[in-house]
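Trainee: Could we go through this structure together, one question at a time, so that I can learn how each answer is reached?

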Amino acid sequence: MRQLLPSTALLLLVSAGTQAANLTKAVVVLEPPYNRILTLDNVTLKCQGTYPLGDNSTQWLHNGTLISNQASYFIKAASVENSGEYRCRKGLSELSDPVQLEVHMGWLLLWAPRQVFQEGEPIRLRCHSWKNKPVRNVQYFQNGKSKKFSYGNSDFHIPAATSKHSGSYFCRGLIGKKNESSEPVDIIIQGKSCTAPEGPAPPGHQIPFSLVMVLLFAVDTGLYFAVQRDLHKSMRDWKNSKVSWKQGP
Ligand SMILES: *[C@@H]1O[C@H](CO)[C@@H](O)[C@H](O)[C@H]1NC(C)=O
Ligand SMILES: *[C@@H]1O[C@H](CO)[C@@H](O)[C@H](O)[C@H]1NC(C)=O
């Protein structure tokens, strides 16, 4: 039992350490920041995150298959086959959450940095064209109603979103003589009640490792003395029983 304890403690510590590493999860960042793109677009995938004990080697996975060890992953002239789930890992960091890249075929794509926004946040929508061809007479629609028109191709900027801005959006314009429309994109504005409390995030995600160490140490020390006491007690009992046995008939 005495030999067993330190190795158990070690195992616990290792698992605690792994959990601390999990807290520094890598993050896939896209540049430009849109996960829906058109064929022939270029996009750079960056892996953010470090783990103090790890080297800074990077691993990229596409649909679960290792595809690169470069710090960034460039997709030049995207094709539909580049669609799918991308994840990365940096050093010993935990594998990032997946980023779903969608490569669409078409003339226009409504670019939104995200689909879910909090009330009060700014939103900038762009009408992105195939091979960045010039688009004229661009119109943005929300739930079928025209919200913005420009002769060139300007962004549709909402300085502070409210629940009224939720809905289905698309853009339309002329590419040469062709009148083209993008597919619709659903934008959701979440009320303040659903948001996390303001200000810096609670330190809950930073302290557990040291806390876990301290707790483990305390528990382990406690266990150690408890076991030692029991051991002494049973030794004593054993000696006593031996004595009583010797003294027996
Ligand atoms: C992608 O990059 C190449 C140069 O590396 C450029 O010629 C091409 O126009 C870019 N594609 C788009 C859609 O911007
Ligand atoms: C594109 O077509 C729609 C009808 O489908 C029309 O109402 C609109 O004016 C056209 N847009 C341009 C820029 O010509």
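Trainee: In what order do the five strands of the open sheet lie?

Mentor: Please keep in mind throughout that this is a predicted model. The sheet is open and its pairing is mixed, and its edge strands, each of which pairs on one side only, are β2 (36-38) and β5 (65-68). From one strand to the next the twist averages 35 degrees. Reading across the sheet, the order is β2-β8-β7-β4-β5.

Trainee: Which residue is the bridge partner of histidine 62 in β7?

Mentor: Strand β4 covers residues 58-62 and strand β7 covers residues 84-90, and the two run antiparallel, joined by five bridges. Looking in β7 for the partner of histidine 62, we arrive at tyrosine 86.

Trainee: How many of the seven residues of strand β11 are buried?

Mentor: A residue counts as buried when its relative accessible area is under 20%. Strand β11, which spans residues 123-129, is largely enclosed by the rest of the structure, because the number of its seven residues that are buried is five.

Trainee: Which residue of β14 is the bridge partner of arginine 124?

Mentor: It helps to look at the pairings of β11 in turn, beginning with strand β9 (residues 108-111), which runs antiparallel to β11 and is joined to it by four bridges; there, leucine 110 has cysteine 127 of β11 as its bridge partner. Strand β14 (residues 156-158) also pairs with β11 in the antiparallel sense, over three bridges. In β14, the partner of arginine 124 is histidine 157.

Trainee: What percentage of the accessible area of ligand 1 does the protein cover?

Mentor: Around ligand 1 we find Leu40, Asp41, Asn42, Lys76, Lys131 and Asn132, which divide into one nonpolar, two polar and three charged residues. A polar side-chain atom of asparagine 42 lies 2.3 Å from an oxygen atom of ligand 1, while for asparagine 132 a polar side-chain atom lies 3.1 Å from an oxygen atom of this ligand. On its own ligand 1 has 360 Å² of accessible area, and the share of it that the protein covers is 46%.

Trainee: How far from an oxygen atom of ligand 2 does a polar side-chain atom of asparagine 179 lie?

Mentor: The residues around ligand 2 are Asn137, Arg172, Leu174 and Asn179, and by class this shell has one nonpolar, two polar and one charged residues. For asparagine 179, the distance from a polar side-chain atom to an oxygen atom of ligand 2 is 2.2 Å.

Conventions. Residues numbered from 1 in each chain as written. Chains lettered and ligands numbered in written order. Predicted model: local features only at pLDDT ≥ 70, side-chain atom pairs only at ≥ 80, totals over all residues. Heavy atoms only, no water. Near = heavy atom within 4 Å. Polar contact = N/O pair within 3.5 Å; in protein donor to acceptor, adjacent residues only side chain to side chain. Nonpolar A, V, L, I, M, F, W, Y, C, P; charged D, E, K, R; others polar. Areas by Shrake-Rupley, 256 points an atom, 1.4 Å probe, with all protein chains shown as cover. Pairing = 2+ DSSP bridges. Axes fitted to C-alpha atoms, helices over the stretch in contact; angles between N-to-C directions. Buried < 20%, exposed > 50% of the residue type's maximum accessible area, 1.4 Å probe, protein only.
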